[in-house]
Amino acid sequence: AFAHAPIGMALADAAGVVLEANRALGDLLGVPPGALAGRRCEDLVVPEDRASMAAALRALASGEATAVDEAPRLLPAAGDPIWVRCAMSAVPDRHGRPTTAVLQVVDLTGAREAERARNEFVAT
């Protein structure tokens, strides 16, 4: 399910480092999914969104939260930033300690552009 999911997915360790990513996430970022392994999740987003992403991952790793939603802008290998919804969930080990996180990433760029165009139309 992970490998063939139509949305971007990644597994990250407690430090927020990508352990594995699926093809949909690689396609979204314009890189092979294996190229994402070893990269910090917060380094995949625009600089203005990195602190928020890092805080969300820390909340999962500490057990403060079991799930968080973020709306960062990803930095693809080429092109403009991409607005996404990133739903993150802690995955506990057999002792109940959060050791990894599952990230589910959905591209919102088209929806954001349509909303902006609609707002501009209404304003005129």
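So, pLDDT is the predictor's confidence in each residue, from 0 to 100. I start there since what we have is a predicted model, where local features need pLDDT of at least 70, side-chain atom pairs count only at 80 or more, and totals for chains, interfaces and linings use all residues. Residues are numbered from 1 along each chain as its sequence is written, and side-chain values use heavy atoms, with hydrogens and water left out.

The chain averages 90, with 90% of residues at 70 or more. Confidence peaks in E2, at a mean of 97, and bottoms out in helix H3, residues 109-123, at 65. Helices and strands here are DSSP runs, H or I of at least four residues and E of at least two, numbered from the N terminus.

Okay, the core. A nonpolar core is a set of buried Ala, Val, Leu, Ile, Met, Phe, Trp, Tyr and Cys residues joined through side-chain atoms within 4.5 Å, and buried means under 20% relative accessible area with a 1.4 Å probe, protein chains only. The largest one has 26 residues, and Leu25, Leu74, Met88 and Leu103 have the most contacts inside it. H2 gives the most, 5 residues.

Now, which residues does Met88 touch beyond four places in sequence? Among them are Met53, Leu57, Val102 and, yes, Glu70, with contact meaning heavy atoms within 4.5 Å.

Glu70 sits in strand E3, residues 67-70. Glu70 is buried yet has no salt bridge, that is, no Lys or Arg side-chain nitrogen within 4 Å of its carboxyl oxygens. The nearest side chain of opposite charge, Arg73, is 10 Å away.

Note on methods: Buried means under 20% relative accessible area, exposed over 50%, partly exposed in between (1.4 Å probe, protein chains only). Lys and Arg count as positive and Asp and Glu as negative; His and the chain ends are not counted.
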